[in-house]
Amino acid sequence: MTTLTRLLCLVPLMSLAACSATLPPVRSVAYVDLDRFMGDWFVIASIPTFIETDAYNAVESYERSGDRQVATTFSFNKGAFDGPLKTYKPTGYVTSDPSNAIWGMQFIWPVKADYRVMYLSEDYTRTVIGRNKRDYVWIMARTPVIADTDYKTLVDLIADQGYDISKIRRVPQRHLYSGGQHP
């Protein structure tokens, strides 16, 4: 076997070995008081899924619908602040983990996507939601805007969890929110 042939055979094996190296699970918070977590969360920034790549005024709302179920409403304007309103209604399933920080989020039966509360401020005004795959992440807050220092702190936390932060995009928010209707 020539040296070139050996190298060509090794490349796929090395690629497979690199793929099998996995990061540790995303660290989640120690405990989530589900009742305090319910309500509206403005999406400040994200590594977006395909449905939210052009989202404006994105809001995720949670409401308890059972002991360990959460009715979720994700709404946003598509393409512009006055773009068409898009609304999705997945169901969150809080796992049996005593922290309440690990959920399955179901958009389509029977698939439940990994959903982890990676950060939650003590006053329940800011949160970061991630996934073990580190493909998506969401920075959310109870208000449509957060301080730049808070934003940087949350992005640093995301980087520390092994995410590629170059993929994070701010979500344009322009709300006249008064606890009523949104977006």
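This text walks through a predicted model of a single chain, from its overall layout to its cores, one enclosed strand, one hairpin and its salt bridges.

The chain contains 3 helices and 10 strands. Read from the N terminus, the elements follow the order α-α-β-β-β-β-β-β-β-β-β-α-β. Of the 183 residues, 40% are buried. Among contacts with a separation of 6 or more, 54% are between residues 24 or more positions apart.

The largest nonpolar core has 25 residues, and the members that touch the most others are V32, F37, Y62, W103, V117, L120 and M140. Two or more residues of this core come from each of α2 (34-37), β1 (39-47), β2, β3, β6 (102-108), β7 (111-120) and β9 (137-141). A second core, separate from this one, has 18 residues, including V26, I44, V128 and Y163. The surroundings of V117 can be listed in full: beyond its neighbours within four places in sequence, V117 contacts S28, V29, V32, F37, A101, T127, V128 and I129. V32 and F37 in that list are also among the best-connected members of the largest core, whereas V128 belongs to the second core.

V128 leads to strand β8. All of its residues, 5 of the 5, are buried, so the strand is largely enclosed by the rest of the structure. In a regular strand the side chains alternate between the two faces of the sheet. In β8, R126, V128 and G130 lie on one side and T127 and I129 on the other, and both faces are covered. β8 pairs with β9 in the antiparallel sense, over 5 bridges. Within this pairing, V128 has I139 of β9 as its bridge partner.

The loop between β8 (126-130) and β9 holds R134. The hairpin has 6 residues between its strands, and R134 adopts a positive phi near 60° there. How far from R134 is the nearest side chain of opposite charge? That side chain is D114, 7.9 Å away, and R134 is buried without a salt bridge. The side chain of R134 does have backbone oxygens close by: that of N132 is reached at 3.0 Å, and that of Q161 lies 2.5 Å from a polar atom of the side chain. Beyond its neighbours within four places in sequence, R134 contacts L23, P24, P25, V26, Q161, G162 and Y163. Of these, V26 and Y163 are members of the second core.

A further hairpin is formed by β3 and β4, with 6 residues between the strands, and G79 in its turn has a positive phi of about 85°. β3 and β4 (residues 85-88) run antiparallel and are joined by 4 bridges. Across this pairing, N77 stands opposite L85 of β4.

A71 is also part of β3. Its relative accessibility is 34%, so A71 counts as partly exposed. Not counting residues up to four places away in sequence, A71 touches S61, Y62, E63, S65 and P90. A71 and S61 are 10 residues apart along the chain, with 8.2 Å between their C-alpha atoms. S65 sits in the loop between β2 (55-64) and β3 (69-78), and beyond its neighbours within four places in sequence it contacts V70 and A71. With 42% relative accessibility, S65 counts as partly exposed. The C-alpha atom of S65 is 9.4 Å from that of G92, which is 27 residues away along the chain.

Side chains of opposite charge can pair when their charged atoms come close. The whole structure has 5 salt bridges. One of them joins D114 and R116, at 2.8 Å from N to O. D114 is partly exposed, with a relative accessible area of 21%, while R116 is buried at 13%. D114 is thus the acidic residue named above as the nearest to R134 in opposite charge, although the two form no salt bridge. Another salt bridge links D135 and R131, whose closest N and O atoms are 2.7 Å apart. Here D135 is partly exposed at 26% relative accessibility, and R131 is buried with a relative accessible area of 9%. D156 and K152 also form a salt bridge, again given as 2.8 Å from N to O. Both are in helix α3 (residues 148-160), and because they are 4 residues apart, about one helical turn separates them. D156 is partly exposed, at 33% relative accessibility.

Terms used
Residues are numbered from 1 along each chain as its sequence is written. This is a predicted model: local features need pLDDT of at least 70, side-chain atom pairs count only at pLDDT 80 or more; totals for chains, interfaces and linings use all residues. Side-chain values use heavy atoms; hydrogens and water are left out. Buried means under 20% relative accessible area, exposed over 50%, partly exposed in between (1.4 Å probe, protein chains only). Contact means heavy atoms within 4.5 Å. A nonpolar core is a set of buried Ala, Val, Leu, Ile, Met, Phe, Trp, Tyr and Cys residues joined through side-chain atoms within 4.5 Å. Lys and Arg count as positive and Asp and Glu as negative; His and the chain ends are not counted. A salt bridge is a side-chain nitrogen of Lys or Arg within 4 Å of a carboxyl oxygen of Asp or Glu. A polar contact is a pair of N or O atoms within 3.5 Å; within protein, one must be able to donate a hydrogen and the other to accept it, and residues adjacent in sequence count only if both atoms are side-chain atoms. Two strands pair if DSSP finds at least two bridges between them.
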